[in-house]
Number of protein chains: 2
Amino acid sequence: MGKKKSEKQESKDVSTEERIKEAARQVFTKKGYAATRTRDIAEAAGLNLALLNYYFRSKEKLFEIVMMEKVQALFGVIAPVLNDEESSLEEKIERLVHNYLDMLMKNPDLPLFVLSEIRYQPEDLARRLQVGKLLRESVLVKQLRERKKNIHPLHFIMNLLGMTLFPFVGRPMFQHGAGLGQKEFEALMEERKKLIPKWIDAMLGVR
Amino acid sequence: MGKKKSEKQESKDVSTEERIKEAARQVFTKKGYAATRTRDIAEAAGLNLALLNYYFRSKEKLFEIVMMEKVQALFGVIAPVLNDEESSLEEKIERLVHNYLDMLMKNPDLPLFVLSEIRYQPEDLARRLQVGKLLRESVLVKQLRERKKNIHPLHFIMNLLGMTLFPFVGRPMFQHGAGLGQKEFEALMEERKKLIPKWIDAMLGVR
DNA sequence: GTCTATACAAAGATAGAC
DNA sequence: GTCTATCTTTGTATAGAC
């Protein structure tokens, strides 16, 4: 025991540091980096502004941390599946879609948040995440290349991600436009778990 | 003649008002609303801060105008096609994808910009644009409903938009990750003009 | 570790001269 | 219509008491 925890905090059940991070997650996700005021975060955490600078050095540092978590959540789910040596192409697609949709239903704002903020330092993040490796050297990509020798594998990655992620990126629009409640939207996404793999299979058979 | 133009301006070739708007388009698109400073816009226009408030009342009003243009560009292309009574489902899809990709290649940052900013007042925009009408009552939707009675038409709309728009939404990631130059990315998009309609046709045949 | 009070910088908006 | 100078608000960060 010991583990360098403090003495006074944890009045409720989590450390002050964690409360700030949780508040930061919420506010940053909701309003984006630029529109977020550190005061909002402090307030959301039921704490005081000065604490933010005590625990994290600045707004930017705090954001970095939150962003890394989010990016990890968004890409961490897929990397292992992409590189699995055992499974077939079809199995990978099925698992990918399933895992992704599950995760997205729990974090519907995630993709738009990450993609929105990412565009201000794309090189930076692409590098750290080794997106390049996944996009060029993953087992999935190899399998795609073999299956469809005349079509760039990126096309299928785009389709897979497009069909899976885009409904969440455009969710404000779809949900409002079509007048769907949350339950109805989720029901649609649940359907897509089974539909998308079928569609992709059909696409792979084209020509 | 007369038309209430001023006497002094137009030193180059466009009105001051238009120069401000053009600068605003650039800066807002690049940095987003919250991160944009009116000073940046003034500087980009080679003008002075005070002029912005002279012509437009505030940063927000100026943004509204730019945003409406962008949204119009993003949705204006598709509405007519969606509601065309003459064309078949397949023709509509083909035309939609073609027009959309053409437009997006000229405005690659458009979708991410609009989708990013839209999430702060989705109701507002969805209402103005009558997205609901297109999503529920358009001819395309009717045709989809007839063709696939047991699948919600929204699924296909999501797929269509996902495959077409998402590559641009994720462009920073794709382009950087895969190490593509602009030419190469455009070449891929050019291929997609022909591929997406085929894929969708294949999807329509599933089950 | 946590608070209050405040310094300091940035940014939107406006006044008033030309 | 256009400019310079300035007001005012807001937001990040810090000092210093407890």
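Hi everyone. A polar contact here is a pair of N or O atoms within 3.5 Å. Keep that cut-off in mind, please, and also that we are looking at a predicted model.

Let's start with the phosphates of DNA strand D. A polar backbone atom of A:K59 sits 2.9 Å from a phosphate oxygen of that strand, so the pair falls inside the cut-off and counts as a polar contact. Chain A has another backbone example: at A:T36, a polar backbone atom is 3.1 Å from a phosphate oxygen of strand D. Chain B joins in through a side chain, with a polar atom of B:Y55 lying 2.5 Å from a phosphate oxygen of the strand.

Which elements give two or more residues to the surface near strand D? From chain A they are α2, residues 38–44, and α3, residues 49–55. From chain B it is α3, again 49–55. The most comes from α3 of chain B, which gives four residues.

Now the residues themselves. There are 18 around DNA strand D, and those that come nearest are A:R37, A:T38, A:R39, B:N48 and B:Y55. You'll remember B:Y55 from its side-chain approach to a phosphate oxygen. By type, the surface has seven nonpolar, eight polar and three charged residues.

And what does the protein meet on the DNA side? Of the strand D atoms within 4 Å of the protein, 58% belong to sugar or phosphate, and the rest belong to bases.

One last stop, away from the DNA topic. An unreviewed UniProt entry places a transmembrane region at residues 151–170 of chain A. In our model, that stretch is 85% helix and 0% strand, and its end C-alpha atoms are 27 Å apart.

Thanks, everyone!

Methods. Residues are numbered from 1 along each chain as its sequence is written. Chains are lettered from A and ligands numbered from 1 in the order in which they are written. This is a predicted model: local features need pLDDT of at least 70, side-chain atom pairs count only at pLDDT 80 or more; totals for chains, interfaces and linings use all residues. Side-chain values use heavy atoms; hydrogens and water are left out. UniProt positions are given in the numbering used here, feature names are shortened, and annotations may be inferred rather than shown by experiment. A residue is near a molecule or strand if one of its heavy atoms lies within 4 Å of it. A polar contact is a pair of N or O atoms within 3.5 Å; within protein, one must be able to donate a hydrogen and the other to accept it, and residues adjacent in sequence count only if both atoms are side-chain atoms. Ala, Val, Leu, Ile, Met, Phe, Trp, Tyr, Cys and Pro count as nonpolar, Asp, Glu, Lys and Arg as charged, and the others, Gly among them, as polar.
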